[in-house]
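I open this notebook to record what I looked up, entry by entry. The sheets come before the pocket.

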Amino acid sequence: MPDYQASALLMSIFFNKMNKRETADLTMAMVNSGDKIDLSSINGVKVDKHSTGGVGDKTSICLTPLVASLGVPVAKMSGRGLGHTGGTIDKLEAFDGFSVELSEETFINNSNTIGIALTGQTGNIAPADKKIYALRDVTATVDNMSLIASSIMSKKIASGADAIVLDVKVGDGAFMKTPEDAKALAREMVDIGTSVGRKTIGVISDMDQPLGYSIGNSLEVIEAIELLKGNGPKDLVELTLALGSYMLVCGNKASNFEEGKALLLENINNGKGLEKLKEFVKAQGGDASFVDDTSKFPKAKYIVPVKANESGIISKINAEAFGLIAMELGAGRETKESTIDLSVGIVLNKKRSEEVNEGDILAYIHSNDEYKAEKAKKDILNNIIISKSLDKDIPLIYDVVQ
């Protein structure tokens, strides 16, 4: 099918929209255009989790071992980060020796023996989606709910999971800027999953400020480890428990959300989640001693405090801008060829709705370049908005679509 005909199809979809049946059919056509991962030899209900991407989103690193520690197998394909959102694979490579280059046999074996395995995306998963995506970019047809939803779901369905829990981000640092749009996207994806026989749940969560306190690869892994040690930041803990509870419900390990949450908390408190992370890292060639001694992770040469130049209440932290600042420090990729610096990033000291006085430390910059650190300092001050009062309180979880 030549590009001009495919472009005409995309334009007609863009203007006339698609119904549920058409969206599901397009999704399955993309699924069937390439390899499909067969996970049938893995015992139990395979549950995958997908995030639409955000800043400081290290949820997968603490969530997957926690869920696996409760007997729900997590056989996951993950991507690398591009632009201001970090990829799970990049973050995990902060563990010395960690590899995602697993043979199919090792991937299946690890999933069965320790309940968790993570591999990079194969080149031939939903290739039609890659071609359509490239055409959408140049034909201004990106912003269409059915095309966005089918693109995400085609890769998830081809990856072989029995059930999918979606973390649909909303806000300044997310693709969807309003709760209404995020809910519409979640509804579209849940409908696709359901219509092709996959149990699918969409959780709509806030990305109007970074998640947790850390932005940057090693820094985010350390924060995820702290959560499994029982010291996680409040928002990261709440989101991990929410997504994990729905994963346990989908995996038939909990009969309802509250039961799932109690089981997850128990495995944080008794250390089983942390032990599972060590097993997982070791099984994929990584140095698991980093979990007990986080000082072994790559460290930046300079740690620069950023001080408030006025007093008041933090009313906004521009999430997308913080992602871009971290990227300029070297924590993300501007192009696919860019090399990531695993040690750099930003650690927030204050979050939205907190009071600050002039001179209080708002954040710490971790950098290997003094000039970049100075520029980051100015950019951070421009993107933490301090006001006299707080307009409205924003929930962490807006809604759940089933």
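Entry 1: a residue pair in β11. I began with glycine 345 and found that its bridge partner in β11 is histidine 366. I note at the outset that the model is predicted. The two strands concerned are β9, residues 345-348, and β11, and they pair in the antiparallel sense over 4 bridges.

Entry 2: the other neighbour of β11. I next looked up strand β7, residues 302-307, which runs antiparallel to β11 and is joined to it by 6 bridges. Histidine 366 in β11 appeared again, this time opposite isoleucine 303. I also recorded that valine 306 has alanine 363 of β11 as its bridge partner.

Entry 3: the sheet as a whole. In which order do the 4 strands of this open sheet stand? I read the order as β6-β9-β11-β7, with antiparallel pairing. The edges are taken by β6 (214-215) and β7, each of which pairs on one side only. I then asked which helix packs on the sheet and touches β7, β9 and β11. It is α15, whose direction makes about 25° with that of β7. Helix α14, residues 319-329, lies across β6, β9 and β11 and runs at about 135° to β9.

Entry 4: cover over β11. Is strand β11, residues 361-367, mostly covered or mostly open? I found it mostly covered, with 5 of its 7 residues buried.

Entry 5: an open sheet of 3 strands. I traced its order as β10-β8-β12 and found the pairing antiparallel. Why is one side of β10 (355-356) and of β12 (384-387) left without a neighbour in the sheet? Both stand at the edges with a single partner strand each, so the other side has no strand beside it. Strand β8, residues 312-317, pairs with β12 over 4 bridges in the antiparallel sense. Within that pairing, isoleucine 314 has isoleucine 386 of β12 as its bridge partner. I met helix α15 here too: its residues 370-383 lie across β8 and β12, and the helix runs at about 45° to β12.

Entry 6: the second largest pocket. I turned to the space in this pocket and noted about 400 Å³. The lining consists of 19 residues, and those nearest the centre are Gln209, Lys234, Asp235, Arg352 and Ile394. Which helix gives the most to this lining? I found that α10, residues 234-250, does so with 3 residues. By kind, I entered the lining as 8 nonpolar, 2 polar and 9 charged residues.

Conventions
Residues are numbered from 1 along each chain as its sequence is written. This is a predicted model: local features need pLDDT of at least 70, side-chain atom pairs count only at pLDDT 80 or more; totals for chains, interfaces and linings use all residues. Side-chain values use heavy atoms; hydrogens and water are left out. Buried means under 20% relative accessible area, exposed over 50%, partly exposed in between (1.4 Å probe, protein chains only). Two strands pair if DSSP finds at least two bridges between them. Contact means heavy atoms within 4.5 Å. Axes are lines fitted to C-alpha atoms, for helices over the stretch in contact, and angles run from 0 to 180 degrees between N-to-C directions. On a 1 Å grid over the protein atoms alone, a cavity is a set of points where a 1.4 Å probe fits but cannot get out, and a pocket is an open set with protein on both sides within 12 Å along at least five of seven lines; lining residues have an atom within 4 Å of a point. Grid points are joined across faces, edges and corners, and a volume is the space filled by probe spheres set on the points. Ala, Val, Leu, Ile, Met, Phe, Trp, Tyr, Cys and Pro count as nonpolar, Asp, Glu, Lys and Arg as charged, and the others, Gly among them, as polar.
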